[in-house]
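Reader: Could you take me through the empty spaces in this model? I would like the definitions as we go.

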Amino acid sequence: MSVAILFASCEKEQLPGVSPHSNSKELVEFAFLQSNNPGLDRDYICVVDGQNLTMQVPKGVDLGSLVPTFKLSEEATLRIGNEEIRSDQTAINVSKTNNITIVAGNGSMVRYNCSVLLVGLVQDFAANSKTSYYNYIQNNLYIDLASVITKTSLNVAYHEDAYTARAYADFDKDGDMDIIAGASNTYGKAPVELEYYKNDVFSFAKDQSVFNGAVPTMLNPRKAIVGDFDKNGWLDVFFVGSGFDAGSYTGETAKILMNNNGKFTSKDISLAKGYIASAAAGDIDNDGDLDLFITDNKSISRFLINDGKGNFTEDLSIYPSDLWGKAYYASELYDVNNDGYLDIVTGGHEHNSAQTMILLGNASGKFMTSKMLAIPAVFGFGVVVDIDFIDYDKDGKTDVLVTRTGDGKGEQGYYKGYYLQLMQNQGSKFADVTKTAFGSDGASASAKWINLVRVQDLDKDGSPDISTDDQFYGLSWTNKNGTFVRNGSK
């Protein structure tokens, strides 16, 4: 937190040639209201103490144009320099304001000493390296998962969407990537075991002995993310699920698998029970540990704040309450505009009022719909299932890749087909460049839906390519100077 204090002496004067009226010249209230300043996350009430005024202003906000709201003594006016400032109307430059003058009706004046206090989070330009998405893209394991999991824990042959919740990392620190995954018993009643597959030089074996005590179970796991949540140097895994996917939608309790020396102890996160389809992790409050964001499309999407030891406290104030209860199924935390604050990119069922969007982070540590960038809807493909980040044109800016499937509108089947939508980062805005980047190669109306997409350099030419997360699906897109060519017939 930094403080800039600008001093001016308190003086009482009489303007020459002005007939005296009221001698009252008190500054009663002074504030910056969100209603007049859309860039603010809330109202900021300034402190008036005698002839001292302390103004709180969030870091990262444009200090050159803030509209104040104030109350003065009757007949009094407020001036900065020679300019009269009108409450709720006149914008002022807080970065240059060194005193405020109140002029009474009779022309006498009092000057207030002004202190500008910058509040909020310090920028962290390494924020992306502290996210669950960063851990995901460190994965160099691109294989046919059917060669690892021949049959699911429900005793059916492996298929593309058998394990929507899966995580990859070198969990045992032996130099190769292991797998933890959860199969869904979507319409069943019995939860099934989460599964660990140990990698021994690309030879995998299921190993449930890594779990201390009873093997953790879930009914319908939807997303697994990786991060060192207790800061002990070992990568943990956070699982969320939606529970029985019909009827009253009672939801499911999230679990965190705490890793110590390659052994996992499962812990329920009881405050994260719900119909939870996605999770993401990042240091949202810049205090050095990984916090969690979950989307609960039947209730309240929210942040869970880490105490540094893997214990979490729910904070409902960070995410906009007017987005609660909407059908969001995919989300990631990432600083897409490189301003030092993590952003939320999220989407789900657009036909159920879940607008696909980027919520821009800021110094306040709160997200606001007024700082939202909309990602355009795609007719027929209104279901967002995955979000990724790619500098496809190598201009140094982070572009956003949205993976969609069918929403049942028109002739498009529900959860049928795929559509890759590419949003190019143009600095102050994002533009949909899907048609120029993919042509007809980025969509299929009849193929199976894709639940996870991977950004990786498949041909080792220095340009990021795109593939399905699981080689079993058999689809990839090669980047040829910013244009993607599909490999595979699906």
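Author: What follows covers the conventions, then cavities, pockets and one sheet. The model is predicted, so to speak of conventions: local features need pLDDT of at least 70, side-chain atom pairs count only at pLDDT 80 or more, and totals for chains, interfaces and linings use all residues. Residues are numbered from 1 along each chain as its sequence is written, and side-chain values use heavy atoms, with hydrogens and water left out.

Reader: How many cavities of 30 Å³ or more does the search find?

Author: The search of the whole structure finds 4 cavities of that volume or more. A cavity is a set of points, on a 1 Å grid over the protein atoms alone, where a 1.4 Å probe fits but cannot get out; lining residues have an atom within 4 Å of a point. Grid points are joined across faces, edges and corners, and a volume is the space filled by probe spheres set on the points.

Reader: What is the volume of the largest cavity, and which residues are closest to its centre?

Author: The largest cavity has a volume of about 190 Å³. It is lined by 18 residues, and Ser132, Tyr136, Lys223, Ala224 and Ile225 are the closest to its centre.

Reader: Which helices and strands supply that lining?

Author: At least two residues each come from helix H1 (132-137), strand S12 (165-169), strand S17 (221-227) and strand S29 (383-390). Helices (H or I, at least four residues) and strands (E, at least two) are DSSP runs, numbered from the N terminus.

Reader: What is the make-up of that lining by class?

Author: The lining of the largest cavity divides into 10 nonpolar, 3 polar and 5 charged residues. Here Ala, Val, Leu, Ile, Met, Phe, Trp, Tyr, Cys and Pro count as nonpolar, Asp, Glu, Lys and Arg as charged, and the others, Gly among them, as polar.

Reader: And what lines the second largest cavity?

Author: Its lining residues include Glu160, Arg166, Trp449, Asp469 and Tyr473. The second largest cavity holds about 60 Å³ of space, and its lining has 4 nonpolar, 2 polar and 4 charged residues.

Reader: Turning to pockets, what is the volume of the largest one?

Author: The largest pocket has a volume of about 780 Å³. Of its 36 lining residues, Thr164, Arg222, Asp245, Tyr415 and Trp449 are the closest to the centre. A pocket is an open set with protein on both sides within 12 Å along at least five of seven lines.

Reader: Which strand gives the largest share of its lining?

Author: Strand S25 (328-334) gives the largest share, 4 residues. By class, the lining of the largest pocket has 17 nonpolar, 12 polar and 7 charged residues.

Reader: Which domains does that lining draw on?

Author: At least three residues come from each of domain 2 (120-319) and domain 3 (328-489). Domain bounds come from an automatic or database domain assignment, which also gives domain 1 (27-119). The C-alpha centres of domain 1 and domain 2 lie 48 Å apart.

Reader: A change of topic: what is the strand order in the open sheet of 3 strands?

Author: The order is S4-S3-S7, with antiparallel pairing. Strand S4 (44-45) and strand S7 (68-72) are the edge strands, each pairing on one side only. Two strands pair if DSSP finds at least two bridges between them.

Reader: Over how many bridges do S3 and S4 pair?

Author: Strand S3 (residues 27-32) and S4 pair over 2 bridges, in the antiparallel sense. Ile45 in S4 is the bridge partner of Ala31.
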